[in-house]
Amino acid sequence: MPERLPELEELLDSAYVVSLPMRVKFRGIMERETLLLRGPLGWGEFCPFPEYDDDESSRWLAAALEAGWLGFPEPLRAEVPVNATVPAVSADRVPDVLGRFGRVDAVKIKVAEKGQQLSDDLARVAAVRRALPQAAIRVDANGGWDVEQAVEALGALAPYGLEYAEQPVPTIDGLAEVRRRVSSTATPVRIAADESVRKEDDPLRVARAGAADLIVVKVAPLGGVRRALAIVEQSGLPAVVSSALDTSVGIRGGLALAAALPSLPYACGLGTVSLFASDITRTPLVADDGAIRLREVSADAGLLEQFAASGERRDWWLDRLRRVHAVLATDQHGLFTGS
């Protein structure tokens, strides 16, 4: 992290708040609001979802400040393989969603959506498999099932050839139980921990509990690329780097993490800019031939103006920035260590 926390006024002077339209509903939203910060070394993105409290949001701000005020570690690879992402759309919309990603070798499919049934998940996964017979398929439940539902659902989905199932249940103990039960079936499914990996001790708890075969890491919720690298190392588990529904500015941080990992056995969930109807740069970080090449990203002044949030929403985000900056100033989580 930077040796000093940038002054609040410096951040306020560099802040832009935008609201970007989505092509499809994702996490229940059709517009993604985010606050962008222009630092001396580049752009950072501060976009914790509205329900996150200031303490949790402080990690997102730390990640944005790392990007703009410190920069990223040296990469070990020049490009990162990425998966396509299929939201909880109806099966008939799957070909249209996949068509925006170009060549696809891996697909993450959202399942366990509130208001939907297992039959909807099965139809969606089947539609992806029909469209891409050779692709690696992983499903993401976002903790939407209980243990019994997860075991039933994964048993029904396994014949489609799942690479892994991401966060089928909310808790670490639940993940361990699901993993134990599905590993003994005729078609075992790897279990990935995502939401469980939010605090620095969580990966160790996941590993000790035997709760997952791999972890999914996101730069912003973990406090930056360097902290995420340390967490992956501590966990001793393979890692998949995913996005938090970021613009290309946030995706650049995810790419920096994926590029710096010693091992990258799975395609990463960093192709989500394709879910936006517009981005904040004229050259978005989207997949080309199944991968994204590392390069720098700058926000475009015209797009920042075109998609500027309303005055009320801008004030809401700036007030949030003030509060979260105050949390970081106390250094409760060691996010600013001078390292």
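Tutor: A salt bridge is a side-chain nitrogen of Lys or Arg within 4 Å of a carboxyl oxygen of Asp or Glu. The model here is predicted.

Student: How many salt bridges does a search of the whole structure find?

Tutor: The general idea is that side chains of opposite charge can pair when their charged atoms come close. In this structure, the search of the whole model gives 21 salt bridges.

Student: Which residue forms a salt bridge with R181, and how far apart are the closest N and O atoms?

Tutor: The partner of R181 is E148, and their closest N and O atoms are 2.8 Å apart. R181 belongs to helix 6 (residues 172–183) and E148 to helix 5 (residues 147–157), so this pair ties together parts that are 33 residues apart in sequence. R181 has 24% relative accessibility and counts as partly exposed.

Student: Which residue does R180 pair with in a salt bridge?

Tutor: R180 forms a salt bridge with E177, again with the closest N and O atoms 2.8 Å apart. R180 and E177 are 3 residues apart in helix 6, so about one helical turn separates them.

Student: Is R180 buried or exposed?

Tutor: Exposed is over 50% relative accessible area. R180 has 52%, so R180 is exposed. Its partner E177, at 26% relative accessibility, counts as partly exposed.

Student: Where in the chain are D213 and R179?

Tutor: D213 and R179 form a salt bridge whose closest N and O atoms are 2.8 Å apart. The pair links distant parts of the chain: D213 sits in the loop between helix 7 (202–208) and strand 10 (214–217), while R179 is in helix 6, 34 residues apart. D213 counts as partly exposed at 23% relative accessibility, and R179 counts as partly exposed at 26%. Elsewhere, K108, K110, D140 and E166 are joined into one network by salt bridges that share partners.

Student: Now the empty space. How many cavities of 30 Å³ or more does the structure hold?

Tutor: In general, rolling a probe the size of a water molecule over the atoms shows where empty space is left. This structure holds 2 cavities of 30 Å³ or more. The largest cavity has a volume of about 170 Å³, and the second largest contains about 40 Å³ of space.

Student: Which residues lie nearest the centre of the largest cavity?

Tutor: They are A63, V219, A220, G250 and G253, out of 20 residues that line the largest cavity. At least two lining residues come from each of strand 3 (42–46), helix 2 (54–70), helix 8 (219–222) and helix 10 (248–260). Helix 10 gives the most, with 4 residues. By class, the lining of the largest cavity divides into 11 nonpolar, 6 polar and 3 charged residues.

Student: Which residues line the second largest cavity?

Tutor: The second largest cavity is lined by V82, N83, A84, F101, R103, V104, A287 and G290. That lining has 5 nonpolar, 2 polar and 1 charged.

Student: What volume of space lies in the largest pocket?

Tutor: The largest pocket contains about 430 Å³ of space. It is lined by 19 residues, with R27, G28, E113, K114 and N142 the closest to its centre. Strand 1 (residues 15–26) supplies the largest share of the pocket lining, 3 residues.

Student: How many nonpolar, polar and charged residues does that lining have?

Tutor: The lining of the largest pocket has 8 nonpolar, 5 polar and 6 charged residues.

Note on methods. Residues numbered from 1 in each chain as written. Predicted model: local features only at pLDDT ≥ 70, side-chain atom pairs only at ≥ 80, totals over all residues. Heavy atoms only, no water. 1 Å grid on protein atoms, 1.4 Å probe; cavity = no way out; pocket = protein on both sides within 12 Å on 5 of 7 lines; lining within 4 Å. Points joined across faces, edges and corners; volume = space filled by probe spheres on them. Nonpolar A, V, L, I, M, F, W, Y, C, P; charged D, E, K, R; others polar. Buried < 20%, exposed > 50% of the residue type's maximum accessible area, 1.4 Å probe, protein only.
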